[in-house]
Amino acid sequence: AGQSKIARDTIEDVATGSIYRALSSEAYTKEGLSPTLILADELHAWPNREMYDVLALSMGARVDPLMLIVTTAGVRTDTTGQDSICYKLYQHGKRVATGEVDDPTFFMAWWEPDAADARIDDPKVWAQANPGLGDILDIADIKAAAQPGRTPEAEFRIKRLNQWVNAATAALPSGLFEARKAERLVAPLEPIVLFFDGSFNHDCTALLAATVEATPHLFVIGVWERPPDDPGWRVDIADVDRVVRETCRDRVVVELPCDPFRWAQLMEQWATDGLPVLEYATSSPSRMVPAWAKFYDAVIGGGLTHDGDPRLVRHIGNMALKTDRLGPRPVKEHRGSPRSIDLGICAVGAYDRATYHAAQPATTFRSNYETEGLTFTRGWG
């Protein structure tokens with residue numbers, strides 16, 4: 001008593017003049033602070049890195065300052081659609097722990113399962129992620145939470161397994177799509193479906209191919225994505241047009257499915273010029289519900305592979321699952337979200353059309369590859 005002055009948001013040590021202060025979330029009001037110690041709670045939930053940067057840089061004038069962060073994992077991306085500051089620090093900490101990065105100023109202690117797709121109902125997995133299991137965390141509680149339908153998988157992985165997830169309501173089980181990556185070079189004469197999903201300014205324009213076979217291989221052709229710090233960005237329509245035409249010239253494009261929203265004029269020009277355009281409305285449940293069912297089963301059962309492009313993996317991970325009377329289908333987590341899903345939508349549609357063509361009888365296609373006008377027949381079998 002008498003050694004400290006206690007107010008609503010502060011505790012002051014009278015002898016030293018040191019003040020412990022609870023801070024509000026507005027970053028701009030923290031300019032000019034010069035703290036010796038910063039305690040950051042649940043950094044994964046901070047909406048962006050602005051507050052972190054202000055606080056971290058404010059300690060520069062102090063001798064041996066310390067920032068101590070206590071947090072669980074969370075969704076990898078923040079409200080800007082990019083990797084969150086917490087996830088970036090986690091990645092840095094992993095590199096420091098393995099010796100890949102030499103940073104004596106950084107320490108991280110982290111508990112998580114060995115495998116990204118570890119079963120959520122496995123007690124061995126619970127123990128890996130919870131050193132206090134059976135002590136400060138009741139086993140019966142975690143067992144009950146792991147029961148099917150009791151807790152959303154993404155939420156369980158965050159709160160009980162300390163694992164990073166792509167979205168709070170992820171459409172696919174964590175880590176499963178990444179596991180379908182395969183090293184494969186698709187030859188120019190291999191027939192493909194080239195799927196196009198366009199935007200104008202607020203989102204992303206994507207172009208993805210799928211080989212026409214029973215087990216298609218997905219690979220990214222092009223992505224035009226708005227930078228987070230450029231609100232005036234617009235899709236370079238001429239560049240999109242060039243890449244589509246060059247791909248159709250240099251590869252055997254069996255079909256060019258396109259979402260017509262805002263791109264109907266260019267689609268009409270492509271069709272007039274002989275490109276194999278197919279209107280494919282990705283906003284239509286009648287299209288996407290059965291296409292998603294096929295795609296989901298393929299990912300679960302190993303019925304497809306992909307090139308591992310990090311943009312594709314990120315967009316797939318950003319997809320949330322909407323389920324209503326029309327059936328389940330992938331959507332953005334909420335209207336206006338900056339987290340792009342366009343390559344994921346392309347993957348679903350391209351797989352749908354590639355497997356359709358693969359199931360058809362032997363067909364003859366003409367290739368303009370290297371302007372040789374090669375004609376050949378292939379049975380999809």
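# Briefing: a chain of helices and strands

The chain holds 10 helices and 15 strands. Please keep in mind that this is a predicted model. Along the principal axes, its C-alpha atoms fill a box of roughly 90 × 50 × 45 Å. Of the 381 residues in the chain, 44% are buried. Counting contacts with a separation of 6 or more, 58% link residues that are 24 or more positions apart.

**The sheet of β1, β2 and β3**

- Let's begin with an open sheet of 3 strands, ordered β1-β2-β3 and paired in the antiparallel sense.
- The edge positions belong to β1 (4-6) and β3 (19-21); each has a single partner strand, so one side of each lacks a neighbour in the sheet.
- On average, neighbouring strands here are turned by 15 degrees against each other, direction ignored.
- β1 is joined to β2 (residues 10-13) by 3 bridges, with the two strands running antiparallel.
- One of the pairings to look for is S4, whose bridge partner in β2 is D13.

**A22, in a loop**

- A22 sits in the loop between β3 and β4 (37-41).
- With a relative accessible area of 48%, A22 counts as partly exposed, because the exposed class starts over 50%.
- For a sense of distance, the C-alpha atoms of A22 and E279 are 56 Å apart, while 257 residues separate the two along the chain.

**β6 and its partners**

- All 6 of the 6 residues of β6 (192-197) are buried, so the strand is largely enclosed by the rest of the structure.
- Both faces of β6 are covered, with I192, L194 and F196 buried on one side and V193, F195 and D197 buried on the other.
- Strand β9 (residues 253-258) runs parallel to β6 and is joined to it by 3 bridges.
- Within that pairing, I192 has V253 of β9 as its bridge partner.
- β6 also pairs with β7, this time in the antiparallel sense and over 6 bridges.
- In the pairing with β7, F196 stands opposite L207.

**The nonpolar cores**

- A general point helps here: in soluble globular proteins, nonpolar side chains tend to be buried together.
- The largest nonpolar core in this model has 37 residues, and F177, L208, F295, L304, L312 and I316 are those with the most contacts inside it.
- At least two residues of this core come from each of β6, β7 (204-211), β8 (217-225), α8 (285-301), α9 and α10.
- α10 gives the largest share, with 9 residues.
- Another core, of 22 residues, lies apart from this one and includes L207, V240, W270 and L275.
- Back in the largest core, L304 is a good residue to explore: leaving aside neighbours within four places in sequence, L304 is in contact with F177, R180, T215, P216, L218, F295, A298, V299 and Y351.

**Where α9 meets α10**

- Helix α9 (residues 310-318) and helix α10 (residues 342-358) have axes that come within 6 Å and cross at roughly 90 degrees.
- The two helices are therefore roughly perpendicular to each other.
- On the α9 side the contact involves R311, L312, H315 and I316, which meet D342, L343, G344 and A347 of α10.
- Sorted by class, this contact has 4 nonpolar, 2 polar and 2 charged residues.
- L312 and I316 belong to this contact, and both are also listed among the residues with the most contacts inside the largest nonpolar core.

Definitions and conventions:
Residues are numbered from 1 along each chain as its sequence is written. This is a predicted model: local features need pLDDT of at least 70, side-chain atom pairs count only at pLDDT 80 or more; totals for chains, interfaces and linings use all residues. Side-chain values use heavy atoms; hydrogens and water are left out. Two strands pair if DSSP finds at least two bridges between them. Helices (H or I, at least four residues) and strands (E, at least two) are DSSP runs, numbered from the N terminus. Axes are lines fitted to C-alpha atoms, for helices over the stretch in contact, and angles run from 0 to 180 degrees between N-to-C directions. Angles under 35 degrees count as roughly parallel, over 145 as roughly antiparallel, 65 to 115 as roughly perpendicular and the rest as oblique. Contact means heavy atoms within 4.5 Å. Ala, Val, Leu, Ile, Met, Phe, Trp, Tyr, Cys and Pro count as nonpolar, Asp, Glu, Lys and Arg as charged, and the others, Gly among them, as polar. Buried means under 20% relative accessible area, exposed over 50%, partly exposed in between (1.4 Å probe, protein chains only). A nonpolar core is a set of buried Ala, Val, Leu, Ile, Met, Phe, Trp, Tyr and Cys residues joined through side-chain atoms within 4.5 Å.
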